[in-house]
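Biologist: Could you take me closely through one part of this model, the place where two helices pack against each other, and then show me how that part sits in its surroundings?

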Amino acid sequence: MYPDKIYYEPDVLNYPLGQELKDKYAAVPWIEIESHNKIDELRSNENSQFANMKRHLIIGTRKTHKYVPNQKVSDYLVPYTSSGCSAMCLYCYLVCNYNKCSYLRLFVNREKMMERLIKSASSSEQELTFEIGSNSDLVLENTITNNLEWTIPAFTAQPRGYLTFPTKFDMVDPLLDLPHKGRVIFRMSLNPQEIISKIEIGTSSLKRRVQALNKMCDAGYKVGILFAPIILVDDWKKIYTEFFTQLADTLSDKVKKEAFIEIIFMTYSFVHRAINAEAFPSSPDLYSKENMTGRGRGKYCYQTSLRTEGESFLREQIADTLGDMPILYVV
Ligand code: SF4
């Protein structure tokens with residue numbers, strides 16, 4: 001992603017990464033802001049400007065560093081070097097937090113965040129796992145900041161704890177030779193290409209994501225597969241059946257032997273629907289009155305009976321095509 005303009009808090013130029021970005025993007029306009037959380041000229045834009053706003057980059061410092069306990073792959077969700085994203089998945093969870101302002105924000109005070117991570121990892125009696133990518137896509141972010149190339153060696157230079165992050169992108173080559181020491185869990189999100197093309201706008205293709213996952217596993221990273229979100233579009237059984245057959249042919253034997261699986265059904269909302277109708281008028285409407293619970297201005301989930309049917313179908317497909325890969329949870 002090459003930004004069309006940059007909004008920045010002046011303080012960022014006091015940090016090495018802030019200066020690096022200033023040099024890297026000297027050719028685009030830099031607009032001073034008071035706070036990355038309050039950019040009035042963007043907040044007042046119409047929903048139809050959503051895709052245009054995704055081309056901006058916002059640079060600030062992270063002020064809140066509160067870890068949130070988590071019971072899935074990680075022990076804690078850690079606010080890290082970015083939030084938001086320049087891709088445009090129609091269901092993106094970030095839209096619930098940031099609404100139409102879910103553009104990519106970078107936080108340049110990474111030394112402070114790393115110091116806290118290392119302190120938390122080394123002072124705990126148990127080996128803890130920290131999810132550093134729950135608010136953005138760090139593989140995409142790395143193409144702008146090289147933050148993963150900075151983070152992985154810095155974290156593994158001390159002896160305790162694990163890092164994990166999910167992605168929908170394939171630009172992993174700069175990560176392959178890093179000294180991860182088996183303490184980084186790389187999780188690739190996979191969906192049928194038809195869903196990627198129509199719904200996960202601006203992300204890497206299925207073929208490239210599978211290649212990236214195979215490469216990371218070969219490079220000795222611990223790996224997982226996120227089937228997330230499962231979207232029950234028309235013909236979902238046919239689409240997902242073909243998808244699993246394709247995965248059986250293209251995932252490496254090492255991935256099939258070592259990876260774990262997470263399955264998450266799509267959650268949608270009034271806010272997504274309102275933004276998507278104006279920003280992407282020709283895209284499919286992911287809301288279904290018959291198939292979803294929730295009405296009005298809240299969140300929408302698949303009806304329990306459909307979800308149960310979906311879960312049995314997925315478990316069967318996975319067992320038939322990918323063998324006995326462990327499924328950590330289904331939500
Ligand atoms: Fe959101 Fe992830 Fe898609 Fe980016 S890649 S828009 S963070 S769901």
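Modeller: What follows is a walk through one helix pair and the nonpolar core around it.

The model is a predicted one, and the pair I have chosen is H9, residues 206-218, and H10, residues 236-250. Two packed helices are described by the angle between their axes and the distance between the axes. Here the axes come within 11 Å and cross at roughly 40 degrees; angles under 35 degrees would count as roughly parallel, and H9 and H10 are therefore oblique to each other. The crossing in which H9 passes H10 is right-handed.

On the side of H9, the residues that meet the partner helix are Leu 206, Val 210 and Asn 214, while H10 contributes Phe 243, Gln 246, Leu 247 and Thr 250. Sorted by class, this contact comprises four nonpolar and three polar residues, with no charged ones.

Turning to the surroundings, the largest nonpolar core has 81 residues, and those touching the most other members are Leu 117, Ile 225, Phe 227 and Leu 247. The element that gives the most to this core is H9, with six residues. Phe 227 touches, leaving aside residues up to four places away in sequence, Phe 243, Phe 244 and Leu 247, and its contacts also include Leu 190, Ile 261, Ile 263, Ile 318 and Leu 322. Leu 247 thus appears both in the contact of H10 with H9 and among the contacts of Phe 227. Another core, of 14 residues, lies apart from the largest one, and its members include Ile 6, Tyr 8, Val 12 and Trp 30.

Notes:
Residues numbered from 1 in each chain as written. Predicted model: local features only at pLDDT ≥ 70, side-chain atom pairs only at ≥ 80, totals over all residues. Heavy atoms only, no water. Core = buried A, V, L, I, M, F, W, Y, C linked by side-chain atoms within 4.5 Å. Buried < 20%, exposed > 50% of the residue type's maximum accessible area, 1.4 Å probe, protein only. Helix = DSSP H or I, 4+ residues; strand = E, 2+ residues; numbered from the N terminus. Contact = heavy atoms within 4.5 Å. Axes fitted to C-alpha atoms, helices over the stretch in contact; angles between N-to-C directions. Parallel < 35°, antiparallel > 145°, perpendicular 65-115°, else oblique. Left-handed = near helix turned anticlockwise from the far one by under 90°. Nonpolar A, V, L, I, M, F, W, Y, C, P; charged D, E, K, R; others polar.
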